[in-house]
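Reader: Hi! I'm new to reading protein models, could you walk me through this one?
Author: Happy to, let's look at it together.

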Amino acid sequence: MHRINRAPKDKGGAANSPADYGATCLEHKPLNYNSNPYQTSLRYLSTTSNRMATVNDENARQITGSATVSLYQMKKLIKAACPTLGESVEGPTCIETQCPVCHIVPGVDTSADPPPVRARIYVNKTTGSFTCSSCHYLGRWEQIEKFFPPYNRSAKSLQELRKLRTAFLELKRECTGSDTPVHSIPADSIELDGASAKVVTDALGIPGAFGESLVQLKARWNALSKELFVPLKDVEDRVIGYKALQRSTSEGELHERTVPEANGSGIIQLRCNIPSAGTRAKEQCHLNAVLVLSVLDLLALGTAKLNVTAVCLPHGLKSLPQQCLPALERFQRMTLWFNYDTAGWDTARNYAKKLDERRCLFVRPTEQHPTPYRALQQQDGGPELKTILAKAQPILHQSITTFHALRQDVLSDLQNIDKVQGVKWRRYPTLNKLLKGHRKGELTVLTGPTGCGKTTFMSDYSLDLAQQGVSTLWGSFEIRNTRLAATLLRQMVGQPLDEHLVDFERWADEFERLPIYFMTFHGQQPIKVVMEAIEHAQYVHDIQHVIIDNLQFMMGMLEESKHLDRYWKQDAIIGAFRSFATRRNCHVTLVIHPRKERDTDELTTSSIFGGAKASQEADNVLLIQDKRLTSVRGKKYLQIAKNRYSGDLGIMPLDFDKASLSYAQRKRKADGGTDGSSLAVASVGHPQADSM
């Protein structure tokens, strides 16, 4: 799969460059473009476009658009630098080359010096982000492209480059020194050998056959806390984190956690080759991998002697950081063996797109194909690991298929009907009865009259899902992110924040751990720029739910499009989101204002502003009906007007709780009351409910 970079045959590059992807940036605060672009006190780097700057902080949650990175231009620039940097290697997901910054000073001839051992960088072919193998620095292509030789030979240009290089190196040292991504295994643990491995397997209650693999992985054991540590290693085989296994004293179950909790760049690799295998078989072990989600599954594969390399991913179903991809470049064939439920199946398909689908296979998630550890436990009456692995199928299908190729998918859906229905809401049990759940790959349209609380409801709706692990990207084009975040935080806490400021830090820390990201756009934006940011966020952060609030504010009234038909423009935008939802297997929710109708008339699917495409393309149509201003006893309720999955339609009362800014349904007691206070009646004059 690896190949040496060569110049494209045609100068235009059309045959060699796939569709470009947007390289976005993560931001905390605006950058002063009149200052030094490498000012280390701000920890920012300037970009070639007049947008935002990148901060090397993996916890940053705001996403905006940036200049498109062309794969053709990247390959062309790297190839031109080969006489100075040496040959580059292009893999399925990354281009590996020498770092043009660390060991080369612009304008200084080092040809007479002995060749140094230079740091390698891995440039992601989709996002343009690069990872330095020596310091783990993660940056964007715009930061290093100017440093690739050959340089402009003028003295002034070389002097400017040297200044930029010095500032860049200082920035790297600051970022990797004060906030190092390396997490060492606790020093009070001991490395396992044959004898101690037997003690550990007995203490954790796992098969004794796992001991040999634990020794091979150089696992460590803390006898005091009875905790097992398995190191996570990067592409240079250095320990940069670990997975910890511990049996709970209360529940008696094994719990696994990863350090660091997010954006780990290390993986666990275990060779499962046959001891008596020849040279060719050992090479196959080096090129074939089986990807699993837990250490127990990894150890189970180690007992089977499958002549493959078992790989445990750092964060399970949560995400696959792009920093992990360089360590997986050498594999020509990868089999993804995840949990046998729909969540694992959907995640496997998303991971395969990131890993290059051409080299990926699936173990289909059915009861006959359990995860390796479960299969090992069921080995007396269940299938063998080799048998299950032999049934793995390619991810890519031909344009035309047959039921024979789909029957395992159908069986999987039938056996996992609850998971197929999607993630259940905890705050809205009525939605579970009607919509059955929140499913990936669908398009939902929410509409309601002005001031009825569409944004307030949608924030509560999305927070419920995010608290269950659904990665969410908010695109709020109408209200500022600060106000939206404050609303989400208050809905999570369930009480006014300004009255409990002493607890703010604790609540903010808890909210920050939720997988919620925000786009920094506000007001009208071109659909191309918005889609580039969304595509990038879905690739990097494995986004599962995108919210656009609202469509009319995003469209705006651009000068160049004022002569276009507004309905046609909206239909094109809806078509783009529909295509993204299906192609990326991601749920998209669009908030759209309705047409101007009489207050006494109820909204219908025909009330959505624009043409009929919104209601036709949507899988779900939700209408907020507000009758409080037209009737003395009028109520506000949510109407499910379209449900493509199950066809069930109905209404859900929306009772607003002013203290928590939430519409969450309360459980009723047997006497007709509720389990806390009585159901709050929505306040007509409440500004936050009405304006949002």
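**A chat about rings, strands and cores**

Author: Let's start with a charge and a ring: the charged end of Lys354 sits over the ring of Tyr539, 5.2 Å from its centre. Keep in mind that this is a predicted model.

Reader: Cool! And which ring does the charged end of Arg439 sit over?
Author: That one is the ring of Tyr645, with the charged end of Arg439 4.0 Å from its centre. Arg439 also has a polar contact of 2.7 Å, side chain to side chain, with Glu442.

Reader: Where does Glu442 lie?
Author: Glu442 is in the loop between helix 14 (429-435) and strand 22.

Reader: Is Glu442 buried or exposed?
Author: Glu442 counts as buried because its relative accessible area is 9%, and the cut-off for buried is under 20%.

Reader: What does Glu442 touch, leaving out residues up to four places away in sequence?
Author: Its contacts are Arg578, Ala581, Cys586, His587, Val588, Asp619, Asn620 and Tyr645. Tyr645 is the residue whose ring has the charged end of Arg439 over it. His587 and Val588 bring us to strand 26, which covers residues 587-591.

Reader: OK, strand 26 then. How many of its residues are buried?
Author: 5 of its 5 residues are buried. On one side you find His587, Thr589 and Val591, and on the other Val588 and Leu590.

Reader: Why do the side chains split between two sides like that?
Author: Because in a regular strand the side chains alternate between the two faces of the sheet. In strand 26, both faces are covered.

Reader: Which strands are joined to strand 26?
Author: Strand 22 (residues 443-447) is joined to strand 26 by 4 bridges, and the two run parallel. Strand 25 (residues 545-549) also runs parallel to strand 26, with 5 bridges between them.

Reader: Can you give me residues to click on?
Author: Sure! Leu443 stands opposite Val588 in strand 26. For His545, the bridge partner in strand 26 is His587.

Reader: New topic: which residues touch the most other members of the largest nonpolar core?
Author: Those are Phe210, Leu228, Ile268, Leu298, Leu301 and Trp337, in a core of 40 residues. Helix 8 (residues 295-302) gives the most to this core, with 6 residues. There is also a second, separate core of 38 residues, and Leu431, Ala466, Leu497 and Leu654 are among its members.

Reader: What does Leu228 touch, skipping residues up to four places away in sequence?
Author: Its contacts include Leu192, Val200, Leu204, Trp221 and Leu245. Arg220 and Lys243 are on that list as well.

Reader: Back to rings. How many aromatic pairs are there?
Author: The count comes to 12 aromatic pairs. One of them is Phe229 with Tyr242, edge-to-face, 5.3 Å centre to centre and with 90° between the planes. This pair links distant parts of the chain, 13 residues apart: Phe229 is in strand 13 (residues 227-233) and Tyr242 in strand 14 (residues 239-247).

Reader: Why do those two count as buried?
Author: Phe229 counts as buried because its relative accessibility is 1%, and Tyr242 because its relative accessible area is 8%.

Reader: Got another pair for me?
Author: Phe457 and Tyr663 form an edge-to-face pair too, 6.3 Å centre to centre with 65° between the planes. Phe457 is in helix 15 (residues 454-466), and the two are 206 residues apart. Both Phe457 and Tyr663 are buried.

Reader: And which cluster are they in?
Author: They belong to one aromatic cluster with Trp425, Tyr428, Tyr461 and Phe656.

Key
Residues are numbered from 1 along each chain as its sequence is written. This is a predicted model: local features need pLDDT of at least 70, side-chain atom pairs count only at pLDDT 80 or more; totals for chains, interfaces and linings use all residues. Side-chain values use heavy atoms; hydrogens and water are left out. Buried means under 20% relative accessible area, exposed over 50%, partly exposed in between (1.4 Å probe, protein chains only). Two strands pair if DSSP finds at least two bridges between them. A polar contact is a pair of N or O atoms within 3.5 Å; within protein, one must be able to donate a hydrogen and the other to accept it, and residues adjacent in sequence count only if both atoms are side-chain atoms. Contact means heavy atoms within 4.5 Å. A nonpolar core is a set of buried Ala, Val, Leu, Ile, Met, Phe, Trp, Tyr and Cys residues joined through side-chain atoms within 4.5 Å. Rings of Phe, Tyr and Trp (its six-membered ring) pair if their centres lie within 6.5 Å; planes under 30 degrees apart count as stacked, over 60 as edge-to-face and the rest as tilted. A charge sits over a ring if NZ of Lys or CZ of Arg is within 6 Å of the ring centre and within 35 degrees of the ring normal.
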